[in-house]
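Trainee: Got a minute? I'd like to walk through this model with you.

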Amino acid sequence: MAEKHSAGVLLFRRSAAGAVEVLLGHMGGPFWARKDLGAWSIPKGEYEPETEDARVAAGREFTEELGLPVPDGAWVPLGEVRYGSGKGKKILTAWALEGDVDPADVVPGTFQLEWPPRSGRLVEFPEIDRAEWFDPATARNKLVAGQRPYLDRLTEHLAG
């Protein structure tokens, strides 16, 4: 099975003291409802690389997932990571962007899922059920494992 392509934006900000924080979204839906560690994600979504530019997709998906426009600023390429297994193999391309949004303003997009399984009933769930700012060490524990390299790449960029 072909790998799925996703693109996303890792938004970061600096506190008055200069500490870096990143914005993550807790994945919505019944599979993630009772999980915290490893259940958060960079705002991202799928795209077709044959028909859409990854950066355009990253901006679109940020807005779809959070219901907010992408803040103005310089997009810093963070490259690709491959993660997942079986049918869930993914290639994620991400950019870092310095900006600030209020998590209270997030109005997430939704998706439909048959729930409970094999019930024939479609239920609508939020793409993310909440967004929060985290310091990089906390974010490392919260993020799904496959996206953790982006924290290292952001740290390297900011140190450079």
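Mentor: Sure. Along the sequence, the protein chain reads β-β-β-β-α-β-β-β-β-β-α-α. Helices here are DSSP runs of H or I of at least four residues, strands are E runs of at least two, and both are numbered from the N terminus.

Trainee: How compact is the chain for its 160 residues?

Mentor: As compact as a globular protein of that length, because its radius of gyration is 16 Å, close to the 15 Å from the globule rule. That radius is taken over C-alpha atoms, and the rule is 2.2 Å times the number of residues to the power 0.38.

Trainee: What am I looking at, source-wise?

Mentor: A predicted model: local features need pLDDT of at least 70, side-chain atom pairs need 80 or more, and totals for chains, interfaces and linings use all residues. Numbering runs from 1 along each chain as its sequence is written, and side-chain values use heavy atoms, without hydrogens or water.

Trainee: What share of the residues is buried?

Mentor: Of the 160 residues, 41%. Buried means under 20% relative accessible area, with a 1.4 Å probe and protein chains only.

Trainee: And contacts: what share links residues 24 or more positions apart?

Mentor: 63% of the contacts with a separation of 6 or more. A contact is heavy atoms within 4.5 Å.

Trainee: New topic. Which domain does UniProt annotate?

Mentor: The unreviewed entry gives "domain: Nudix hydrolase" for residues 2-156. Such annotations may be inferred rather than shown by experiment. That stretch is 18% helix and 39% strand, and its end C-alpha atoms lie 31 Å apart.

Methods: Buried < 20%, exposed > 50% of the residue type's maximum accessible area, 1.4 Å probe, protein only.
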